Amino acid sequence: MDDWHRLGCGTLAGHLLECAGQITGGYFADPGIKDVPALARLGFPIGEVGEDGSVRITKVATAGGLVTEATCKEQLLYEIHDPARYLTPDVVADFSNVRMHADGKDRVVIEGATGTPRTGQLKVSIGYL
């Protein structure tokens, strides 16, 4: 629980996958400008996590949607206030040196995340009526 680098890498993988179909084109789609094939049959992502902390994002070939550097970059930046200091309960993740490259059709390799010790502060969402 104090391997800050691996915790940062794991946080990157989790952040990319947490919104399911958003990284396969759901968040990216802008019909007529950024078209996503078979959007109504959008596939969920598959994350292949390497021992080195890299993650390969892909999807089932027969599912709708797409996985590109652009879809991955939009999801990477989603809800991130500071890419160099993404506060989580386990680690302060640093995504400022993340790199991506295509690794075939609907396959993108993402690497370069790291982390530093958690701060003891957490963000909270509160609903109030």
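**A walk through a predicted chain**

Hi everyone, let me start with a pair of strands: β3 and strand β4, which covers residues 91-94, run antiparallel and are joined by two bridges. If you want to find a spot where they pair, look at L87, whose bridge partner in β4 is V92. Before I go on, please keep in mind that this is a predicted model.

So where does that pair belong? β3 and β4 are part of an open sheet of three strands, in the order β3-β4-β7, with antiparallel pairing. Which strands stand at the edges of this sheet? They are β3, residues 86-87, and β7, residues 114-117. Each of them has a single partner strand, so one side of each is left without a neighbour in the sheet.

Now let's step back to the whole chain. It holds two helices and seven strands. If you trace the sequence with your finger, you meet them in the pattern α-β-β-α-β-β-β-β-β.

How about the overall dimensions? The C-alpha trace spans about 45 × 45 × 20 Å along its principal axes. For 129 residues, a compact globule would have a radius of gyration near 14 Å, and the chain has 15 Å, which agrees.

Next, the inside and the outside. Of the 129 residues, 36% are buried. The accessible surface comes to about 7500 Å², and carbon and sulfur atoms account for 54% of that. As for charges, the chain has 12 positive and 17 negative ones, and the mean positions of the two groups are 3 Å apart.

Contacts tell us how the sequence folds back on itself. Take the contacts between residues at least 6 apart in sequence: 57% of these join residues at least 24 apart.

Let me finish with one residue, G64. You will find G64 in the loop between β2, residues 55-59, and α2, residues 69-77. Is G64 buried or exposed? With a relative accessible area of 2%, G64 is buried, because anything under 20% counts as buried here.

And which residues does G64 touch, once we leave aside its neighbours within four places in sequence? G64 is in contact with P37, A38, R41, L42, G43 and K59. For one more distance to check on screen, try D30: it is 34 residues from G64 along the chain, and their C-alpha atoms are separated by 15 Å.

That's my tour, so please zoom in and have a look for yourselves. Thanks for listening!

Note on methods
Residues are numbered from 1 along each chain as its sequence is written. This is a predicted model: local features need pLDDT of at least 70, side-chain atom pairs count only at pLDDT 80 or more; totals for chains, interfaces and linings use all residues. Side-chain values use heavy atoms; hydrogens and water are left out. Helices (H or I, at least four residues) and strands (E, at least two) are DSSP runs, numbered from the N terminus. The radius of gyration is taken over C-alpha atoms; the globule rule is 2.2 Å times the number of residues to the power 0.38. Buried means under 20% relative accessible area, exposed over 50%, partly exposed in between (1.4 Å probe, protein chains only). Contact means heavy atoms within 4.5 Å. Accessible areas come from the Shrake-Rupley method with a 1.4 Å probe; for residues, only the protein chains shown count as cover. Lys and Arg count as positive and Asp and Glu as negative; His and the chain ends are not counted. The place of a charge is taken as NZ of Lys, CZ of Arg, CG of Asp or CD of Glu. Two strands pair if DSSP finds at least two bridges between them.
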